[in-house]
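This report describes how strands and helices are arranged in the structure shown below. Please keep the coordinates open while reading.

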There are 2 protein chains.
Amino acid sequence: VPELALIEAIRAVLPDPPQRLLRGPGDDAAVVAARPLAVSSIDTVAEGVHFELSTHSAADVGHKALATALSDLAAMGAEPGEALLAFVLPGDFSEESALELARGAAELAAQAGIAVAGGDVVRGRALVVTVAVTGWADGEEELCGRDGARPGELVGVTGELGGAAAGLALLDGRASAMSNSALREDQHEELLRRHRRPEPLLEAGRRLAAFGASAMIDLSDGLASDASHVAAASGLLLRIDLDRVPVAPGARAVATALGAEPAVFAATGGDDYELLVCSPPDRVDALEQAAEDAGTRLTWLGEVGRGTGLELVAADGEPAHGLGGYEHR
Amino acid sequence: VPELALIEAIRAVLPDPPQRLLRGPGDDAAVVAARPLAVSSIDTVAEGVHFELSTHSAADVGHKALATALSDLAAMGAEPGEALLAFVLPGDFSEESALELARGAAELAAQAGIAVAGGDVVRGRALVVTVAVTGWADGEEELCGRDGARPGELVGVTGELGGAAAGLALLDGRASAMSNSALREDQHEELLRRHRRPEPLLEAGRRLAAFGASAMIDLSDGLASDASHVAAASGLLLRIDLDRVPVAPGARAVATALGAEPAVFAATGGDDYELLVCSPPDRVDALEQAAEDAGTRLTWLGEVGRGTGLELVAADGEPAHGLGGYEHR
């Protein structure tokens, strides 16, 4: 049951396709002039799981769906190429809301330099947005997977962590009992924005991969989970010092209001979409500069060693407590 | 909320990736050695819209989702490349069912020569499967869009139409009052299979595009709708003779039981995933041979003329009645 009129209206809010898009929306498939390596990923956000329409605008949802997919390209160091958008709209979702959804994605697409090459719109029982993205590279040396970490390397993260999880706690009411004095208005807004409008770090990812990061992953599930993915893919141990975790402004106050240790809250909260990188010792300066040139900064908070799994270390040098499920030595 | 254990189990049922897949499932994104032109499309099937779990197995759903996406590549004449699968699974959908879903897609993928390069699995309120596919071509001359029809060309379709719509009518009970004698058991099974397990005509699409089809589209919405898309994209009139529509065996009996004219039923029923092609007069023989070499056959049922829209003509040479919504002269 195609929604042809709606699809036409959605097309009208999308940015004009770039020249490399030889055929865009409107044919059976899009045709793109390729570069040597295609890098692709798919991500779904579903109502009731990743967002609630009571706390997220349709534009937030469109932005978030594209951002989470683009973040995977960022984590590979790929250059953004094209996106395909698939919307499942509930029966009572208005055409105006559908256009707002498309606009939320289209604005991020324009900002990130990604072309919307096609899509699908169907009616269904709950709002679901799936985005498939393709990025490009000219050679494997431009890209960076999860499996390239080596013993003796440093582990760093871009930006600050815990903001999106704090924003979620403010949105879903868990942190609603916080005193107003604990959080400045601008910090409050920033935490909500971190959750609703994550920013894929495409420029940072490209530069970090190009300047010698050995392994990289985007922090979607949280530092602890995602670091353990890098450890598993590289077949090594990642040791992370909780005291060096850069906690987002405001997230500290929200964590405290929730009775959580701020660093643990920041290390286990998802949806930050910052990048974790592993760096050979002789690339540390270059990667710091690469991050700075991309408008962010790296914090070194651990190292890669022989062994397997993840070790989260607290101030006293002992494995951190209250973090069940991670492998400790 | 990633379903990591389930994702691991799903990966295990997927076919081994081909060599061109430099990085497959398990990293942030897949990496593929590209060819000059990337052809991509996304399709969603949603519970309650495209299938019901009361009449479709999980494997049927996996097959159908991938088939509908691959059919878009067939309609472009692209060679199959990679697929990304995104599953939204209801809370009560068992792991066994999820694996059956993946197996349904994996079996078609292996058969069609497409690699499953990655995916996403989340829990949600209703079953939704979105598939993004990429195909490849070495040059634009290998591909065929909707917009290339020219006046004086012939319009043909592969195979037979109406089978999937008849299968649906049998499944959803509309045709349940049919007498058993009206439909042989093997015809009944074939109609159900047409609806549940559509076959993307990748080989036929490639050959038809290569041997000179000027425009092509896959019949997902039905001959009448899809022919009008070709007419609109080409800026011309397509005239189709209803009496020449090849009606699938069994679909005639089902249409009659439903009180519909069989040719109209076949021309307006969706989900057949046959291909409509436009052929320059001097390519007719070559395209007939191309279809035969791909295991199907072409039926010529109309022509391209100056004007706009679609004209469905009945036996008496008059525009057909009872087909509101199409443009007649």
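## Strand β4 of chain A

In this predicted model, strand β4 of chain A, spanning residues 79-90, is mostly covered, with eleven of its twelve residues buried.

Strand β4(A) is joined by nine bridges to strand β6 of chain A (residues 128-137), and these two strands run antiparallel; within this pairing, A:Glu82 stands opposite A:Thr134 of β6(A). With strand β5 of chain A (residues 115-124), β4(A) pairs in the parallel sense, again over nine bridges, and here A:Pro90 has A:Gly124 in β5(A) as its bridge partner. Between β4(A) and β5(A) the chain passes through helix α3 of chain A (residues 95-112), which makes a β-α-β crossover that is right-handed.

## A sheet built from both chains

Which strands make up the open sheet, and in what order? Six strands form it, in the order β1(A)-β2(A)-β3(B)-β6(B)-β4(B)-β5(B), with mixed pairing. The edges are β1 of chain A (21-23) and β5 of chain B (115-124), each of which pairs on one side only. On average, and with direction ignored, neighbouring strands of this sheet are turned by 20° against each other.

Within the sheet, strand β4 of chain B (residues 79-90) and β5(B) run parallel and are joined by nine bridges, and B:Ala86 stands opposite B:Asp120 of β5(B).

## The helix across the sheet

Helix α2 of chain B, residues 58-76, lies across strands from both chains: β1 and β2 (30-33) of chain A, together with β3 (37-46), β4 and β6 (128-137) of chain B. Relative to β6(B), helix α2(B) runs at about 30°.

Definitions and conventions. Residues are numbered from 1 along each chain as its sequence is written. Chains are lettered from A and ligands numbered from 1 in the order in which they are written. This is a predicted model: local features need pLDDT of at least 70, side-chain atom pairs count only at pLDDT 80 or more; totals for chains, interfaces and linings use all residues. Side-chain values use heavy atoms; hydrogens and water are left out. Buried means under 20% relative accessible area, exposed over 50%, partly exposed in between (1.4 Å probe, protein chains only). Helices (H or I, at least four residues) and strands (E, at least two) are DSSP runs, numbered from the N terminus. Two strands pair if DSSP finds at least two bridges between them. A crossover is right-handed if, with the strands pointing away from the viewer, the path from the first strand over the helix to the second runs clockwise. Axes are lines fitted to C-alpha atoms, for helices over the stretch in contact, and angles run from 0 to 180 degrees between N-to-C directions. Contact means heavy atoms within 4.5 Å.
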